[in-house]
Every structure is written in structure tokens, then in C-alpha cells.
Amino acid sequence: MFQQLYEKLDDLFQKKENTKGSVYELFETIRQTMSNSLADHDALLNQVNALIDYCNEIILLYPFQDVPDCWRRMLIDAGLLRTMIQLEELKKEATESKVQSLIGDLDTCCVISGSPGRYWLASDLLDRAQAWLSQQRSIPPQTIPKRRLPAPEIRYPIERPERFPSFESFLTHCNQDRPTPFVLPAGLIDHWPACERWSSVDYLLTTAADRVIPVEIGRTYTDAGWRQEMMRFADFIDRYILQESDEVAYLAQHDLFYQIPRLASDMILPDYCHIEPNLNALYTHRPPEVIKNAWFGPKGTVSPLHHDPYHNLLVQVVGRKYLRLYDPDQTDKLYPCEGMMNNTSQVPIEQEVDPDQFPKFKEANYVECVLNEGEILYIPPKWWHFVKSLETSFNVSLWF
């Protein structure tokens, strides 16, 4: 298998691209040196690691959405070149630690770069390497523990229609000048394999134990001590899902399904996601395709009061969450942050709110719900929402 993967990458890089520049020349020097049977692999690794570090430094100079494609492409290509060097060693001796290192290194490059032009190749490499590791292990069956927090009293409940809306009536609802949120009845995702699989620790570990994911550490992203760490999926599950930790960790708003397509195959997009609502003052543009993000964490994880630019179906696959929502017309009572975080409120809803600091907040009207397994909450664009996990929770947001 490692020989096949090496040959696939070698074939890719034999097709030279008409690119010039000192960075590309270094890339070519490393690639050509690899064909020498006497090449020093440690020296090659040092060179390609230096190239990757340089790409990372350049990328950090830009907001992510503004990173030039040439640097994202160079980063993923340098990551694949490092993978070739690692595969050369694996052809001689394959060990768990070496394969884990390959997955961790390539996954990090993929997450940072977005794998432009190399997505399916990188995914295949990572999937097959993970499958090889999983075959070396015996993972006992285990279900995600459901440690619970008490559900708050619901005083202003979100609408819960008894039946599923038709495709046409859902579109009509979304096309209102000010659509309102509602909870779809359970049953719409009963056919998703995820409903059974994502509560199984052994399934998640077999599928993705050694994949490297971005994890948020800290109570909320508005706290001063909040940070993000790249860690193995298995370490995240062991430290924060199977065990109780004083530190809060959250796999939040990450396109896990782009990174790990096997998990994407566990769900089927509801037809409702494929409508094309009219644009208006609150919904100014459509995403080019449905944006799918994963939210996975223990009880007590919090998303502070904020709003998003798209229509959203929030699908609760595992566990329960409490949500409180405010109409956009309540914005002046919610004290938005200034600058880049102006979609986030300054009001710490999960704490005692200081009436002197936020005097208008007590006048703000809201609706709320506990979202149970199998239910879906429709959140209109620009509706403010606060979210808290009441137990270990795995859900998906579908922006359209």
C-alpha cells in the first residue's frame, strides 16, 4: 500500500508545472534529490520542513479568506512532498508511530491550506493511512457517556409545528421579510447512519482516531484565555469526551466532513437546504454551496450570543442543547462588539448580567428551546442565538 501511495505522488510531481521563483526552485531541488538512491532522507525532511514553515509564515500574514492561492497550493504541495519522503521510509519499515506522524503532518497542511487542487489525493492518502492504523488495533465497543446538566425552564418556547412543512411552504416561510425560527419534528434524519454511528466511540476512533483537528480550548471564544490547538481526534475524545476535564474543549464550526469524507457519508442533506431564498437586507448573498460544520464537545460548551449571515438548519445528532434566540430587531439591546466581531454580543448570557453595564438587555425579547436528538432547528439569517450543550453533543449546522 505504501508503495502504491508513493507512486501516486511521484506521478503527480513528474508532471511539472510552469512555475518560477526561488521557493519553487527549492521545491524542485528537493523533489529531484529524492530520486537519488543515496539521498539523505533526514536532510531532505529538514529542507521540506523549512519550506513548509516558510509557507505557514507567509499565510499568517493574511486573513484566511485573503491568502493568495499560490501560497495555499505551495503549502499543500510541500506537505505532499514531505509525505513522499515519509512513504519512502514506510516502504522499508512501517510502524504505528511513523504512520501517525505522516497523518498528523499532512492533516495539518490540509487544514491550513484547504488542499487546493489536491483535495481528493490528500483525502485518499489520509484515509488509507488511517485504515492501515485501525487494522493494527483492537478497539472495544463503547458508547459516548452522557453526563448531563439540568435543562433550564423554557418560558418563551420556539414554535414547534406538528408536521414537516412542504418544500414550497418552507421556501415561502424563508422568503418572508422577517422569517422566524421553528423546530422541525424528530424523524427527518432517522435514516442518517450518523444517528447510530456518531454515539459510538469505537466507530469514531476507527474512522478518525489519528486525524488532526482544530480544537477550541476555553469557555467561549470571547474569553481572553481562549485558544485553538491542533490535536489527534483520539486525544480529544479521551481527554474531553470520555473523561471529565476542568478545561473546556470544543470541536466547533469546523468542516470536519470536508476533512474526513467518511463522516460526510454518514449524513444526507435535507431537501430544505436546496431552496434558493430571495435576497434581502438580512440575507445579502447565498453561499456557493451548502456550508456544513461540525460541533462536537462535552456538556457545558458554549457559543456566545452571535448571529450568522445565512439560513441555517441546526441538526442535533447526539445529545441535547439549549438555545436562546433574539430577532434582529433586538440588536440595539444586545450590545454587539465593535470591529471584526460585530456579529457577537458583549452580553455574557450564561452569567449574571450587570444591569448597569447592559441596561437595555433586560428589555430584549427572545425565544428558546431544548433541542433534542433527532430534531432540527431552523435559524433565519441574522437571528442572534446563544447555544449551550446540556450533555455530550454532536450536531451539524447546514448554512444555505
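**View 1. A polar contact of 2.9 Å links the side chains of Asn395 and Lys321.** Everything shown here and in the views below comes from a predicted model. Asn395 is part of strand E12, which spans residues 393–399. With a relative accessible area of 0%, Asn395 is buried. Besides Lys321, the residues that Asn395 touches include Asn293, Ala294 and Trp295. Leu314, Val315, Gln316 and Val317 complete this set of neighbours, which leaves out residues up to four places away in sequence.

**View 2. Arg211 sits in the loop between helix H9 (201–208) and strand E2 (212–217).** Here is another buried side chain to zoom in on: the relative accessibility of Arg211 is 3%. Its side chain reaches the backbone oxygen of Gln259 at 3.1 Å. Leaving aside residues up to four places away in sequence, Arg211 touches Ile103, Asp107, Leu126 and Gln130, along with Met231, Arg232, Phe233, Gln259 and Ile260.

**View 3. Helix H9 is largely enclosed by the rest of the structure, because six of its eight residues are buried.** The buried residues of H9 are Val201, Tyr203, Leu204, Leu205, Thr207 and Ala208. They pack against several helices, namely H6, H8 (194–197), H10 (233–242) and H12. Strands E5 and E12 are also among their packing partners. You may remember E12 as the strand that holds Asn395.

**View 4. Helices H2 (residues 22–34) and H3 pack with their axes 10 Å apart, at an angle of about 155°.** That angle makes H2 roughly antiparallel to H3, and the crossing of the two is left-handed. From H2, the residues Val23, Leu26, Phe27, Ile30, Thr33 and Met34 take part in the contact. Their partners in H3 are Leu44, Gln47, Val48, Leu51 and Tyr54. By residue class, this contact of H2 with H3 has nine nonpolar residues, two polar and no charged.

**View 5. Helix H3 (residues 41–59) also meets helix H4 (residues 69–92), their axes coming within 9 Å and crossing at roughly 160°.** H3 and H4 are therefore roughly antiparallel to each other, and their crossing is left-handed. On the H3 side, look for His41, Leu44, Leu45, Val48, Asn49, Leu51, Ile52, Tyr54, Cys55, Asn56, Ile58 and Ile59. The H4 side offers Trp71, Arg72, Met74, Leu75, Ala78, Gly79, Leu81, Arg82, Ile85, Glu88 and Glu89. In the contact of H3 with H4, 15 residues are nonpolar, four are polar and four are charged.

**View 6. The axes of helices H4 and H5 come within 9 Å and cross at roughly 170°.** This makes H4 and H5 roughly antiparallel as well. Arg72, Leu75, Ile76, Gly79, Leu80, Arg82, Thr83, Gln86, Leu87 and Leu90 line up for the contact in H4. They meet Lys98, Val99, Ser101, Leu102, Asp105, Leu106, Cys109, Cys110, Ile112 and Ser113 in H5. The residues of the contact of H4 with H5 divide into eleven nonpolar, five polar and four charged.

**View 7. Ser115 has a positive phi, near 55°, although it is not a glycine.** For context, most residues other than glycine have a negative phi. Ser115 is found in the loop between helix H5 (96–113) and helix H6 (119–135). Its relative accessible area is 4%, so Ser115 is buried.

**View 8. Lys382 is another non-glycine residue with a positive phi, of about 65°.** The loop that holds Lys382 runs between strand E10 (376–379) and strand E11 (384–389). Lys382 counts as partly exposed, with a relative accessibility of 24%.

**View 9. Leu282 lies in the loop between helix H12 (261–264) and strand E5 (291–297).** Lys382 from the previous view is one of the residues that Leu282 touches. The others are Asp177, Arg178, Pro309, Pro328 and Pro381, not counting residues up to four places away in sequence. Leu282 and Pro328 are 46 residues apart along the chain, and their C-alpha atoms are separated by 8.6 Å.

Notes: Residues numbered from 1 in each chain as written. Predicted model: local features only at pLDDT ≥ 70, side-chain atom pairs only at ≥ 80, totals over all residues. Heavy atoms only, no water. Helix = DSSP H or I, 4+ residues; strand = E, 2+ residues; numbered from the N terminus. Buried < 20%, exposed > 50% of the residue type's maximum accessible area, 1.4 Å probe, protein only. Polar contact = N/O pair within 3.5 Å; in protein donor to acceptor, adjacent residues only side chain to side chain. Contact = heavy atoms within 4.5 Å. Axes fitted to C-alpha atoms, helices over the stretch in contact; angles between N-to-C directions. Parallel < 35°, antiparallel > 145°, perpendicular 65-115°, else oblique. Left-handed = near helix turned anticlockwise from the far one by under 90°. Nonpolar A, V, L, I, M, F, W, Y, C, P; charged D, E, K, R; others polar.
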